[in-house]
Amino acid sequence: MFKGIYHGKNCHLPDIATVLNRAWSAGVDRIIVTGGSLEESREALAIAETDGRLFCTVGVHPTRCSEFEESSDPEKHYQDLFALAKEGMQKGKVVAIGECGLDYDRLQFCPADIQKKYFEKQFELAYATKLPMFLHMRAAAADFCEIVERNKSRFTGGVAHSFTGSALDRDKLLSFDKMYIGVNGCSLKTAENLDVMKGIPVERMMIETDSPYCDIKNTHAGIKFVKSTWPSKKKEKYDQESLVKGRNEPCLVRQVLEVVAGYKGLGDLNQLSSTLYHNTCRVFFPQDLDTAADALLSGHHETN
Ligand SMILES: [Zn+2]
């Protein structure tokens with residue numbers, strides 16, 4: 001979509017530079033570009049290398065795990081991921097293994113046994129690189145938590161992003177220390193989603209966009225707490241001063257912040273954003289904790 005291509009149809013010129021500029025102007029400080037396959041992780045690293053504020057992950061999404069077996073040599077596929085992660089770490093760009101996990105809503109793309117096998121395998125990658133994990137869990141909490149539990153000693157920390165689970169799922173995730181829960185538009189769709197989100201302590205929460213997906217739509221329960229808006233146009237009427245309707249982009253992370261603050265009844269947006277930013281640095285940018293994050297936090301008190 002940032003290349004202007006929607007469902008195989010070319011709608012406008014590539015505009016990733018415009019999208020990034022909108023993000024930096026909106027106060028976004030850095031962005032982690034997610035890889036969902038070996039090839040996509042290579043692309044994510046190439047994008048991350050274009051700007052000092054961009055970073056990336058290396059890993060295989062649950063719906064793409066068949067690529068291990070289709071490669072004819074799963075062990076070599078793993079080694080290729082490992083080599084890419086090491087290369088990206090040397091460049092200061094790869095900050096996590098992922099996204100990986102389990103997605104039982106989309107078994108048509110990859111059966112559960114293959115998903116489980118290669119989710120577990122990616123803990124090996126996390127352990128070998130000493131990197132945290134960027135995790136995806138959809139309709140699979142029991143198996144997901146069982147695999148995390150079994151690999152606890154190889155898990156140095158991470159976030160279960162785009163969380164859409166129940167209160168019970170939330171509490172199971174929170175029972176792993178070093179596990180954070182990632183909230184985006186998909187986590188704020190229904191009244192139940194909002195109630196579950198309210199129960200995530202801000203010290204264990206991160207926010208994200210998951211762009212180009214998971215934007216907050218007018219029909220979503222969370223929309224009434226959104227304060228910041230940008231002009232938007234349909235992709236067929238693209239103009240670079242406007243967002244594309246239905247395509248999420250990084251500047252909109254502020255809307256996620258506003259919904260979380262609004263529904264939790266927190267008045268101090270700066271304090272909330274500082275805490276969430278600090279959480280993100282603690283896991284993905286530990287080397288910057290004492291500089292960037294603490295500078296941001298200075299003058300604020302940590303919430304309880
Ligand atoms: Zn995901």
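At roughly what angle do the axes of helix α2 and helix α4 cross? The legends below start there, and everything they show comes from a predicted model.

**View 1. Helices α2 and α4 side by side.** The axes of α2 (residues 38-48) and α4 (residues 74-90) come within 10 Å and cross at roughly 10°. Anything under 35 degrees counts as roughly parallel, so that is the label for α2 and α4. On the α2 side, the contact is made by L38, S41, R42 and L45, and α4 brings in H77, D80, L81, L84 and G88. Sort the residues of this α2 contact with α4 by class and you get four nonpolar, three polar and two charged.

**View 2. The open sheet, strand by strand.** Seven strands line up in the order β3-β4-β5-β6-β7-β8-β9, and the pairing is parallel. The edges belong to β3 (31-33) and β9 (205-207); each has a single partner strand, so one side of each is left without a neighbour in the sheet. Going from one strand to the next, the twist averages 35°.

**View 3. The β3 end of the sheet.** β3 pairs with β4 in the parallel sense, over three bridges. Look for I32, which stands opposite F55 in β4. As for β4 itself (residues 54-58), this strand is mostly covered, with four of its five residues buried.

**View 4. Strands β6 and β7, with helix α5 lying across β6.** Here β6 (residues 133-138) and β7 (residues 158-161) pair in the parallel sense over four bridges. One pair to pick out is L135, opposite A160 in β7. Helix α5 (residues 112-129) lies across both β5 (94-103) and β6, and runs at about 165° to β5.

**View 5. Two non-glycine residues with positive phi, K130 and S162.** K130 sits in the loop between α5 and β6, and its phi is about 60° even though K130 is not a glycine. S162 does something similar with a phi of about 50°, again without being a glycine; look for S162 in the loop between β7 and α7 (167-174). Buried or exposed, how does each one count? K130 has 10 C-beta neighbours inside 10 Å, so K130 counts as exposed. S162 has 23 of those neighbours inside 10 Å, so S162 counts as buried.

**View 6. Two cis peptide bonds.** One cis bond joins G98 and E99, with omega about 0°, and E99 has its place in strand β5. Another joins S211 and P212, with omega about 10°. You'll find P212 in the loop between β9 and β10 (232-233).

**View 7. Helices α9 and α10 crossing.** Two packed helices are described by the angle between their axes and the distance between the axes. For α9 (residues 253-264) and α10 (residues 269-284), the axes come within 10 Å and cross at roughly 115°. That makes α9 and α10 roughly perpendicular to each other, and the crossing is right-handed. The meeting point has L257, V260 and A261 from α9 against L269, L272 and S273 from α10. By class, this contact of α9 with α10 has five nonpolar residues, one polar and no charged ones.

Methods
Residues numbered from 1 in each chain as written. Predicted model: local features only at pLDDT ≥ 70, side-chain atom pairs only at ≥ 80, totals over all residues. Pairing = 2+ DSSP bridges. Helix = DSSP H or I, 4+ residues; strand = E, 2+ residues; numbered from the N terminus. Axes fitted to C-alpha atoms, helices over the stretch in contact; angles between N-to-C directions. Contact = placed C-beta atoms within 7 Å. Parallel < 35°, antiparallel > 145°, perpendicular 65-115°, else oblique. Left-handed = near helix turned anticlockwise from the far one by under 90°. Nonpolar A, V, L, I, M, F, W, Y, C, P; charged D, E, K, R; others polar. Buried ≥ 20, exposed ≤ 12 C-beta atoms within 10 Å, placed from the backbone.
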